[in-house]
Amino acid sequence: MAGGSGTRMGAAVPKQFLDLDGKAVLHRTLDRFMEAEPGIRVITVLPEAYFEYWKNYCAVRNVVARQTVVRGGISRFHSVRNALGAVPDGALVAVHDGARPLLSAGLVSRMFRQAEHVPALIPVIPSTDTLRALRREVLTDGTEVFETVPDMHPDRNMLFRVQTPQIFYSEVLKAAYGQPYDMSFTDDASVAERFGVPLAFISGEALNIKITTPEDFMLAQKILPAQRFPMQEK
């Protein structure tokens, strides 16, 4: 999933095409999946205006992947639905954010193995922050105002952050995406769950961050060398 324009990044090109230590973010994401599953078929969802850009990039950089490029939709829901039109039945489908290039190949492999036994597999990590339920309002002068939501005290021990890839049987996910769009559909798991699909979960990775802001990108620039050359235990 790389169909967004990346306006929050404020860069000249969408975040998925930013250079991350010599490769585009999206290229690094593809590398992790190709390392885990060399024969994988990739369906890349892009803004239509960047089809030629990505095609040229892949040719120049010799990006070797069985890749089909699909036009993004007006929302993530519609982009995934567009991509599912190119997915055959009888497959396992991993839906992943193109701007999450730091996941490990090991996580991808573990998830594909476990996903053979469940209709939907979702990676999660525990929330380590204290959480508070607030209503946020932006005033006409741009000032942010936060108001406490009474009688809502989230227990962080029961709350987890959801990541991608999220893996499904292809027939299950296609059927779920036949539902009408709803603004509560924030990821594929929420679409599947609304359709009645039971979800299974697996521990994700703390470094599997999504690059959305300039701060995220700076963090990714620091993490990548550490992944390549992990510290040796003395």
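Angles between helix axes under 35 degrees count as roughly parallel, over 145 as roughly antiparallel, 65 to 115 as roughly perpendicular, and the rest as oblique. The exercises below apply to a predicted model.

**Exercise 1. Helices H1 and H4**

Classify the packing of H1 against H4 and list the residues that make the contact.

Solution.
- Step 1. The axes of H1 and H4 (residues 105-115) are 8 Å apart, and the packing angle is about 55°.
- Step 2. That angle falls in none of the parallel, antiparallel or perpendicular ranges, so H1 and H4 are oblique to each other.
- Step 3. As to hand, H1 and H4 cross in a right-handed sense.
- Step 4. On the H1 side the contact is made by Arg32, Phe33, Glu35 and Ala36, and on the H4 side by Ala105, Val108 and Ser109.
- Step 5. Ala105, Val108 and Ser109 are among the buried residues of H4, which also include Leu107, Met111, Phe112 and Ala115.
- Step 6. Besides H1, the buried residues of H4 pack against E5, strand E6 (120-126), strand E10 (166-169) and strand E11 (200-203).

**Exercise 2. An aromatic cluster**

Determine how the rings of Phe17 and Tyr50 are arranged, and which residues form one aromatic cluster with them.

Solution.
- Step 1. With ring centres within 6.5 Å as the criterion for a pair, the count comes to eight aromatic pairs.
- Step 2. For Phe17 and Tyr50 the ring centres are 5.1 Å apart and the planes meet at 25°; since planes under 30 degrees apart count as stacked, this pair is stacked.
- Step 3. Phe17 belongs to the segment before strand E1 (19-20), while Tyr50 is in the loop between E3 and H2, so the pair ties together parts that are 33 residues apart in sequence.
- Step 4. Phe17 has 5% relative accessibility and therefore counts as buried.
- Step 5. Tyr50 also pairs with Tyr53, edge-to-face, at 5.6 Å centre to centre and with 75° between the planes.
- Step 6. Tyr53 counts as partly exposed, at 36% relative accessibility.
- Step 7. The cluster is made up of Phe17, Tyr50, Tyr53, Trp54 and Tyr57.

**Exercise 3. The two sides of H2**

Find which residues of H2 are buried, and which exposed residues are on the face turned away from them.

Solution.
- Step 1. Trp54, Tyr57 and Cys58 are the buried residues in H2.
- Step 2. Viewed down the helix axis, the buried residues of H2 fall within an arc of 95°, so they line one face.
- Step 3. The cover over these buried residues includes strand E2 (23-24), helix H1 (25-36), E3 and strand E4 (66-71).
- Step 4. Lys55, Ala59 and Val60 are exposed residues on the face of H2 turned away from the buried side.
- Step 5. Asn62, just after H2, takes a positive phi of about 55°.
- Step 6. Asn62 is in the loop between H2 and E4 and counts as exposed, at 59% relative accessibility.

**Exercise 4. Val70 and Asp188**

State whether Val70 and Asp188 are buried or exposed, and name their contacts beyond four places in sequence.

Solution.
- Step 1. Val70 is in strand E4, and its relative accessible area of 11% makes it buried.
- Step 2. Its contacts, sequence neighbours within four places left aside, are Ile43, Thr44, Val45, Leu46, Phe51, Asn82 and Ala83.
- Step 3. One of these, Ala83, is a buried residue of helix H3 (residues 76-84), as are Phe77, His78, Ser79, Val80 and Leu84.
- Step 4. The buried residues of H3 pack against E3, E4, strand E5 (92-95), helix H5 (170-176) and H6.
- Step 5. Asp188 lies in helix H6 (residues 188-194) and is buried, with a relative accessible area of 0%.
- Step 6. With residues up to four places away not counted, Asp188 touches Arg76, Val80, Val95, Gln166, Phe168, Leu173 and Tyr177.

**Exercise 5. Backbone geometry in two loops**

Identify which peptide bond is cis, and give the phi of Asp151.

Solution.
- Step 1. The cis bond joins Thr164 and Pro165, with omega of about 10°.
- Step 2. Pro165 is in the loop between strand E9 (160-162) and E10.
- Step 3. Asp151, although not a glycine, has a positive phi of about 65°.
- Step 4. The loop holding Asp151 runs between strand E8 (144-148) and E9.
- Step 5. Asp151 counts as exposed, at 73% relative accessibility.

Terms used:
Residues numbered from 1 in each chain as written. Predicted model: local features only at pLDDT ≥ 70, side-chain atom pairs only at ≥ 80, totals over all residues. Heavy atoms only, no water. Phe/Tyr/Trp six-rings, centres within 6.5 Å; stacked < 30°, edge-to-face > 60°. Helix = DSSP H or I, 4+ residues; strand = E, 2+ residues; numbered from the N terminus. Buried < 20%, exposed > 50% of the residue type's maximum accessible area, 1.4 Å probe, protein only. Arc of directions from axis to C-beta. Contact = heavy atoms within 4.5 Å. Axes fitted to C-alpha atoms, helices over the stretch in contact; angles between N-to-C directions. Left-handed = near helix turned anticlockwise from the far one by under 90°.
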